[in-house]
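Trainee: I should like to learn how aromatic and charged side chains are read in a model. May we work through a case together?

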Amino acid sequence: MDDAYKKRCDWYHHGESNSRAESDTKVTQWNDEVLYQAAEFLDEEFAYKVGLSEIAECDDKKEDEFLAKLADAETPLYPSCVNHSKLSAIVSLFRLNTKNGWSDKSFNDLLEILPEMLPKDNVLHTSLYKVKKFLKSFDMGYQKIHACVNDCCLFRKNYKKLDSCPKCNASRWKTNLHIGEIKKGVPQKVLRYFPIIPRLKGMFRSKEMDKDLRWHFSNKSSDEKLCHPVDLVTWDQMNAKYPSFAGEERNLRHGLSTDGFNPFNMKNTRYSCWPDLCMKKENIMLTLLIPGPQQPGNNIDVYLEPLIEDLCHLWDNGELTYDAYSKSTFDLKAMLLWTISDFPAYGNLAGCKVKGKMGCPLCGKNTDSMWLKFSRKHVYMCHIKGLPPTHHFRMKKSWFDGKAENGRKRRILSGQEIYQNLKNFKNNFGTLKQSASKRKRTVNIEADSDSDDQSSESEEDEQDQVDEEELSRWKKKSIFFKLPYWQELLVRHNLDVMHVERNVAASIISTLLHCWKSKDGLNARKDLEVLGIRKDLHPKTKGKRTYLPAALWSLSKEIECTARWSTKF
Ligand SMILES: [Zn+2]
Ligand SMILES: [Zn+2]
C-alpha cells in the first residue's frame, strides 16, 4: 500500500495509530543502515563468544571476501564526496540506464566521459563492462539452479549432473542455431533462488530488527480490531495446535506473495517474482526469480521446491541462530502462514481449477455454472445462498436470474479433506503435451524422485475414500502439502484485494463508458434474451439494423465524452 496513504490523518480508522504511521519514514531510513551492519557481521560480542563461533565458521572465508567487497563498494565516489559511495553512484546510474532504455553504447559513452568531469581520484568505472563486472561480483547471494526448458524439473539433487531432462529429453544447454552445436555449460533456463535461512539469521544479528521481529508476541490487538495478522483466527488456531512453536517469541511466520514483474522495462514480462511478505517494506524478501517469458503456471511447484525444502527444515529441525538482543543462541523455526496472490495465480498455487465448469473454488464440485452461448464464458450462479436466510436479496428474483434461491451455502472443504483426496495424486509437471505411452514412463520417474513417497500404506482403503468428482477439479497435489502443518491451516490462500478491486473497478468504468473491458454489448444482450430475463434490454431489430436499448447505466453522449476525457480512456 502507498505509504503516503498511511500517513493521512484518517488512517487510524483502519486500526493503526498515527504514531505508527509517523515512525514509518524513520524505520525505512534506519533500515538500510541496520541491514547493512547486520550483513557485515559487525557484532563483536558474537565473535567473542566461545562456542558460538562455530555457527559462522563454515561461512567465514566467504564472509571475508564479501566484507572486502563491501568495503570497496563503500568507498566515497571521490575523497570529499559525502552523497555517493562507489556502489550508490553505480546503482543510480544503472537505474537511470534501465529506466530510460538507454542503449549499451550510449551508457558506455557516458561512463567514458563522466569520470573526467569528477574530481581527481574518483573511483567511478569507465566502461559498461567494468560496471557489470562490479555488480556481478556481489552476486546478491543467490543460487543459480538450472531448470528444464519445459518446466519439468530442476537440475539439482539426483538430476544435478544430467545433460538433458529425464522427462522430456530436452537439452539442458543452449544450442548454437547456426551450426547446431550444443553449448555445454550455457543453460537454457535458470532459476535464481535467494536462500531465506541466511537472511533470517542475519536479521537476528541486528538488535533493532530483532526487537521488531518479536513485536507480534506482545502487541496483539486488545480491542478486537484487525491490525496485524497476529489478530487473526488462523494465528491463534496454529498457536493452539503447536504450543511449543508459539511459545518461542522469536519464531517467525511468513506469507508468500506472487507477482510477475518486468525488471528492465522490456516489452514482454520476462520474470516472475515471488517475494515473502509481512506488512512492512523492509520485511519483504525476494526469494525466487523465475525466468520467463511465459509464466510457469501450474508448473510453479517445480520452482518452489528449494524454498519449500528450506521451510520444511525451518519447521522440522529449526536453525541454530544467534540473537543479538538477548546475546544467546536459539533454534529459529518458521511457518508459512499463507500465500497472497491474484485469482489465476491462486489456481496455480493451490492446484485447483479456477476456470470452466467447476471454476468456483468455494463451491468446488457443486459449482452451479452456466455457459453463456454468445458471450462465450462460464458464469457461476447460486451465490445468494451465502447471504443470511432472511436477507431481502433472496426475494428479488428479477434483480438476478429470475430464480429464488433457498437453502444455505455448503461447507468449504478443509485442508485435511483436500489432502486426503489428493494423497495419491501423481503430479505431472512440464509444458510438453505427452502421448499416452510416454505418460506411463513419466509417472515412474515421478515416483522414483519423490523422496517422501508414502503411497505404500493401504492404498486400497484410501482409494475408497477418494471422491473422483472432487478430484477432477484438481490439477496437482500442491507442493505446499509437503509442509507438515499446511493441511491444518484454516486459510491457506488469500486473494490480493488490490488486484480484485482494480479489475472490478476497470470493468464497471468500462461498462459505463462503453469501452475497453465493457461487459455490455450485443452478445451480453443476446444472452439475456436466451435466459429470458430483463426483457427491456433485449436487442431490437428494425429492418436490417439491430438496436440495443439504453440501460439504466447508459450515460448521455455529452457526459460520456466528458467522463472519457477526464479518465483518459
Ligand atoms: Zn523437461
Ligand atoms: Zn461458488
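**Reading the aromatic contacts**

Mentor: Let us begin with one ring: Trp399 has a relative accessible area of 44% and is therefore partly exposed. Please bear in mind that this is a predicted model.

Trainee: Why does Phe393 count as partly exposed?

Mentor: Buried means under 20% relative accessible area, and exposed means over 50%. Phe393 stands at 29%, so this residue is classed as partly exposed.

Trainee: How many aromatic pairs does a search of the whole structure find?

Mentor: The search yields twelve aromatic pairs. Among them is the pair of Phe393 and Trp399, with 5.4 Å between the ring centres and 65° between the planes.

Trainee: Why is the pair of Phe393 and Trp399 named edge-to-face?

Mentor: Planes over 60 degrees apart count as edge-to-face. The planes of Phe393 and Trp399 are 65° apart, so the pair receives that name. Phe393 also pairs with Phe400 in a tilted arrangement, at 5.8 Å centre to centre and 55° between the planes. Phe400 has a relative accessibility of 30% and is thus partly exposed.

Trainee: Which residues form one aromatic cluster?

Mentor: Tyr242, Phe245, Trp315 and Tyr485 form such a cluster.

Trainee: Where does Arg250 lie?

Mentor: Arg250 is placed over the face of Phe330, 4.0 Å from the ring centre. Likewise, Lys542 lies over the face of Tyr547, at 5.4 Å from the ring centre.

Note on methods: Residues numbered from 1 in each chain as written. Chains lettered and ligands numbered in written order. Predicted model: local features only at pLDDT ≥ 70, side-chain atom pairs only at ≥ 80, totals over all residues. Heavy atoms only, no water. Phe/Tyr/Trp six-rings, centres within 6.5 Å; stacked < 30°, edge-to-face > 60°. Buried < 20%, exposed > 50% of the residue type's maximum accessible area, 1.4 Å probe, protein only. Lys NZ or Arg CZ within 6 Å of the ring centre and 35° of its normal.
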